[in-house]
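Hi there,

Here is the structure I promised to pass on to you. Have a look through it first, and then read my notes below.

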Amino acid sequence: MEEKIENRTAEIVVIGLGYIGLPTAIMFATAGFNVIGYEIRREVVDKINSGEAHIVEPEIDELLQGVVGSGKLRATSDPEEIKDREVYIICVQTPLNGDKTPNLSYLESAVKTVAKAMRKGSLVVIESTVPPLTTVRMAKLIEEMTGFKAGEDFHMVHAPERVMPGRIFKELVYNSRIFGGITPESAELAEKLYRSFVKGQTFKTNSTVSEVVKLMENTFRDVNIALANEFAYLAHQYGIDVFEAIELANTHPRVRIHTPGIGVGGHCLPKDPHLLVWPAREDFGLIRLAREINDGMPLLAKDLLFEALKTVNLPPEKAVVAVLGLAYKGDSDDTRNSPAKAFIEAIEGDVGEVRTYDPFVGGTHGSVEEALNGADAVVIATDHSEFKSLDWERLGGLMRTRILIDGRHVVEEPPEGFVFKGIGRGEY
Ligand SMILES: NC(=O)c1ccc[n+]([C@@H]2O[C@H](COP(=O)([O-])OP(=O)(O)OC[C@H]3O[C@@H](n4cnc5c(N)ncnc54)[C@H](O)[C@@H]3O)[C@@H](O)[C@H]2O)c1
């Protein structure tokens with residue numbers, strides 16, 4: 001196996017061709033391996049085999065056309081086609097159920113597919129973010145299904161992914177990586193494999209440590225954003241601008257306060273803290289509270305909007321509200337767990353009309369001007385570049401009432417003639 005990895009003749013199957021799996025398959029194929037992508041969505045398989053990516057990511061189209069054209073990467077939905085390969089890399093989604101418990105059904109189904117296909121000696125890698133102890137549990141599942149002994153008859157590793165959408169191909173190469181093996185030999189083998197394209201540092205540990213490391217990283221960010229959001233609440237109480245206060249506090253050599261805002265979205269940050277604490281079955285107050293604070297931020301934006309409406313004596317049910325931004329972060333089309341959507345859900349039914357505009361996602365209106373024409377209030381929910389240089393004097397001329405709520409600290413100076421409120425900025 002080691003030799004096959006070194007001379008790149010090991011055949012690799014990537015299970016799940018989404019935001020993580022497709023770029024990973026492309027990287028291994030570009031490094032010279034023969035790669036088969038196994039994906040349950042037929043339309044995704046067809047698209048990939050015709051050289052077209054189904055996700056938006058810089059460089060992906062040229063890279064995909066290259067490896068599909070050279071025959072190094074092909075996709076399939078047929079489990080027969082992935083039998084007896086050396087390496088299986090699982091990149092399926094690990095979302096939450098409605099009650100915030102982990103939904104591991106995609107992972108379990110992928111592991112079962114692998115168990116039916118693999119051979120003695122195969123290396124199985126889980127790249128998906130999973131609750132602690134899951135890799136060991138999945139190794140047991142494979143043992144039960146195959147009769148193979150983990151660590152002896154097959155290798156198994158958790159190799160978490162740390163890339164950020166929009167920078168995936170750079171970060172796949174230059175980020176440091178962690179390989180958590182169920183045995184040291186498993187970790188060593190996976191490290192050798194990924195060294196075929198990874199130029200960042202690599203570290204080896206056991207699978208439970210690597211699962212916890214990945215989850216701690218995102219929990220660290222979530223809790224720190226919650227702290228910044230709590231500071232924003234306090235700033236409203238004291239009538240100060242939290243962004244000025246944070247900038248000054250961050251001049252301290254050992255302080256780096258995060259950025260408050262209308263909420264935390266995306267596929268990972270809102271779910272990973274839940275995955276971290278779930279197997280412990282105990283109440284971890286700080287982590288849970290941070291989630292609650294961040295989930296509550298769209299409601300603070302709603303309160304700011306309703307306070308502003310009060311100052312102009314406009315009943316909410318008569319107000320036309322334009323929301324700028326639907327994606328969860330600036331210059332992206334990703335709307336997964338977007339706080340903009342949570343904000344819209346919170347005001348819908350209470351206000352007269354909700355309009356939306358997002359340059360990457362679409363919306364009910366095709367431009368800022370169209371969305372603001374005759375509107376009473378505008379709420380900025382995403383920090384897209386386009387929203388940073390808007391001419392508020394001109395746009396104010398289109399509006400029926402001039403209320404501006406900034407949920408993302410996009411507007412530096414409150415524009416003249418507007419009732420302005422921002423998260424963490426001045427009195428409530
Ligand atoms: N997206 C990110 O930025 C990011 C970053 C770091 C880690 N992660 C983690 O990586 C994992 C994958 O995330 P993603 O964003 O790529 O998800 P995704 O939803 O974009 O992709 C998952 C793909 O797997 C397919 N799939 C599901 N079950 C399958 C099965 N049994 N067999 C074959 N295919 C199957 C789905 O159809 C889908 O195309 C998650 O655990 C996530 O937490 C994601």
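Let me start with the shell around the ligand: its residues divide into 13 nonpolar, eight polar and six charged. Here Ala, Val, Leu, Ile, Met, Phe, Trp, Tyr, Cys and Pro count as nonpolar, Asp, Glu, Lys and Arg as charged, and the others, Gly among them, as polar.

Before you go further, please note that this is a predicted model, in which local features need pLDDT of at least 70, side-chain atom pairs count only at pLDDT 80 or more, and totals for chains, interfaces and linings use all residues. Residues are numbered from 1 along each chain as its sequence is written, and side-chain values use heavy atoms, with hydrogens and water left out.

Of the 27 residues around the ligand (each with a heavy atom within 4 Å of it), Ile20, Glu39, Arg41, Thr94 and Lys271 come nearest. Domain 1 (2-200) and domain 2 (205-428) both contribute to this shell, so the ligand lies between them; the domain bounds come from an automatic or database assignment.

You can also look for some polar contacts, meaning pairs of N or O atoms within 3.5 Å. A polar backbone atom of Ile20 is 2.9 Å from a ligand oxygen, and a polar side-chain atom of Ser109 lies 3.1 Å from a ligand nitrogen. The protein covers 94% of the 840 Å² of accessible area that the ligand has on its own (Shrake-Rupley method, 1.4 Å probe).

Happy exploring!

Conventions. A polar contact is a pair of N or O atoms within 3.5 Å; within protein, one must be able to donate a hydrogen and the other to accept it, and residues adjacent in sequence count only if both atoms are side-chain atoms.
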